[in-house]
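Student: Please take me slowly through one part of this model, the place where two chains meet.

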Amino acid sequence: MKIDDLGIFFAVLGAALAALCAGAGSAKGVGLAGEAGAGLVTEDPSKFGKVLILQLLPGTQGIYGFLIAFITFIKIGVLGGSSDMTLAKGLLYFAACLPMAIVGYSSAIAQARASVASMGILSKRPEEFGKSMIFPAMVETYAILALLISMLAINGVAGINI
Amino acid sequence: MAMLQMQRISIYALKKDRKRILELLQRRGILEINDIIQEDNVFHKMDVTKARSGFEKHVVTANEALEILNRYAPLKKSMFSALNGRKVTSIEDYSAFSGKYDDSVQVAVDLISYSKEIAELKAEIIRLEAQIVMLTPWMKLDIPINFSITEHTKSFIGAISKEWSLEAILDKLKDFLPVEVEIISSSKEQTCIFALCPTTTADGVYNILRSMDFTTPGVSMDKAPVEQKVDLENRILEAKTAINKTVEAIVSLAKYREDIMFLQDYDRMRSDKYEVIGQLTQTNNIVVISGYIPEREIQEIEKSLNKDFLVAIEVEKPSEEEDVPVLLKNNGFAQPLEWVVAGFSLPGKGEIDPTMIMALFYYMLFGIMLADAGYGTLMVGVCAFCLIKYKHTIELSLKNFLTMFLFCGIATIFWGVMFGSYFGDLFDVTASTFFGATQLPIIPPLWFFPVDKPMLMLAFSMVLGLIHLMTGLVIKMYQLYKQKEYKALLYDAISWFALIVSSAILVVSLDMIKSMMGPGVSIPPALTKVATIIAILASIMILLTNGRESRNPFKRFLKGAYALYGITGYLSDVLSYSRLLALGLASGIIGNVINKMAAMPAKSPLGPFFFIIIVIGGHALNIAINALGSYVHTTRLSYVEFFGKFYGGGGRFFHPFQMKTKYYKIKENMKNEN
């Protein structure tokens, strides 16, 4: 086995990690928010729609992770096309995927906790729903920034000639 | 872009007219009752708690009765019934209802008692069924269970624990023969027996049986179990028939459903009215109704009141200290976003209503984040359909919600065309998969593909963000100007505006940024020089003035330096708009991914079928998730970045005395829409 054969391995590993960590974080987060939401809906079924919005907010990280994984697959040619690359390039892809993987995981869980707290607002002061949505959305900013960096990095790495 | 001017109105009326005047005001819903007269020897307030609790009780009764009706005689509801809003009814119907009032209350009470009856019957059935279960082991016994004694014999009917054979039992009782034992039934847990012995040996037999854990059965009846079971079954049947009859009785009352709904609304309104009466100050003959009213409504209400009643009306401007409620008034374009503004806070003293300016950016930002002509068309179609089909009956809040998404949808179409996204790249994928097209894209973007030029898109997002933020600063300048805070206007607003704009120019002229943007962007050197000078001057001004509340010059300078450090806040605000790129790319690329997945099985015989299923399901999911994301993040950009520059809020909602009904709304004359 040539050392450069490891390039594609690391690139796929990075993509897999992005989908895996961010997805796991979102699953945990949406589940956490769902548990709290189910309790609230037991008390007042008419709030289902709003509870669902709050529950879904930590779900976006999983989608971002999936997105990064998919873009990586397209760029490295796993979905058809040639997938030759050097070890250095594979490692670069790996590094590019890391922000989404790590920030995606932890921000989804942090956002879910904010969502759960916001459900408290929804139960006690339903008229302040607009504000209750903003607290979880604040956390999401960092997932978006990570998504952006990962995306730009993957695009950039694809253009580097090594 | 305005707040309605509020006036304080005081209506002095005869006490005998007060209920009718209040009813008129309640129907109009334009006056917030706010009494300022203190109680004294002449003016006093009325205790209305008793009357109110009576009405409240009826409201609860009616609500419960309606729930019962919905359980036994549910109304068929269409999917769009929520769009229908409350039923409109005339004031004549309202007055006529007092004739039906007592009957309606009676019907509601009957419904509740029927429901209780059913609950009792159901409990009875469960009890009877339990008895049947207890009887089951005794079915073979042909005498009543409570049979015990004849002239010369004594019988024992009961269960002994564990399984016993007849021989074993007889063996236990061998000292007391003759004794007749019969096993009725047996299981692992217990053996049910019938034992008969002469009265002389009864005590001895009983003691032996006791040692075998003999227990008498839990049921005691004077008929043989078989007959008894038939009896019980008949009683269950009777109870079931009774339930059916009661349900029929409930269903037959379903024709009064609307009356009960009306009853609930009627007494809700009366309860509210009495709450207001309790707040009013009155003398023996006169009552004073005082509160806030939008200026434009005064003439109309004065006319109506003078027509029917003997009243004196006084209008005055609220004084500076008064906490006047806020009511926003905007045109049809911005009005749907009033509740987004209200969701943050209503404008406080000295602030303008930001709805109109926010609306301009709000729709645009939403459009850029979703940016797909296909999704936009769907949104516009659905919202327009609902708004047109139900335009007469839809409730205002729902109408605003749908109108907001209608405008958001239009913006989404616009940016979708600019960025060349139609359900992702659905047209391209369909054409190349099924028709072998090679000239792609079918519909080129009007501007550019964000996926191909992410850096351009990033720059565009940030420039847009900068414009958004600077608009906020300009509004701040305007507010400071209106409040005549000229110093603050120069030091806190204009200096910052100059600093941010000039710094932005300097940033763009940096070599690093230039290389990222490509060769198209260049700033003339003269402009760079001017920007440098302005930036330095503005920084010095901020450094020297932004700590001006401190007298100590050293402290003042430090505070100024800290304020200048606030420029990092602007940097992060601008960076925050990169979410426009991220969310725009996310919705676009996920759309493409869906299309790609749909095209994978397309070559198989059932390919087109799978293609359609995946495309419909996938895009439905994508539009739901990304519309939600766009809405949340547009709201965030408006609340945090935009409002943060100029808007504090703190205004109080206008809570007019009005009909808080659930099912009906009463129109004074059918042509008057408000």
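Student: How many residue pairs are in polar contact across the interface of chain A and chain B, counting pairs with both residues at pLDDT 80 or more?

Tutor: This is a predicted model, in which local features need pLDDT of at least 70 and side-chain atom pairs count only at pLDDT 80 or more, while totals for chains, interfaces and linings use all residues. Residues are numbered from 1 along each chain as written, chains are lettered from A and ligands numbered from 1 in written order, and side-chain values use heavy atoms, without hydrogens or water.

The rule finds 4 such pairs between chain A and chain B, a polar contact being N or O atoms within 3.5 Å, where within protein one must be able to donate a hydrogen and the other to accept it, and residues adjacent in sequence count only if both atoms are side-chain atoms. As for contact in general (heavy atoms within 4.5 Å), 26 residues of chain A touch 27 residues of chain B. Together the two chains bury about 2300 Å², which is accessible area (1.4 Å probe) lost on being put together, summed over both, and carbon and sulfur atoms give 84% of that area.

On the side of chain A that touches chain B, the elements giving two or more residues are α2 (48-56), α3 (60-76) and α5 (129-159), helices here being DSSP runs (H or I, at least four residues) numbered from the N terminus. Among these, α5(A) gives the most, with 15 residues. By residue type, this side of chain A divides into 20 nonpolar, 3 polar and 3 charged, where Asp, Glu, Lys and Arg count as charged, and Ala, Val, Leu, Ile, Met, Phe, Trp, Tyr, Cys and Pro as nonpolar, with the others, Gly among them, as polar.
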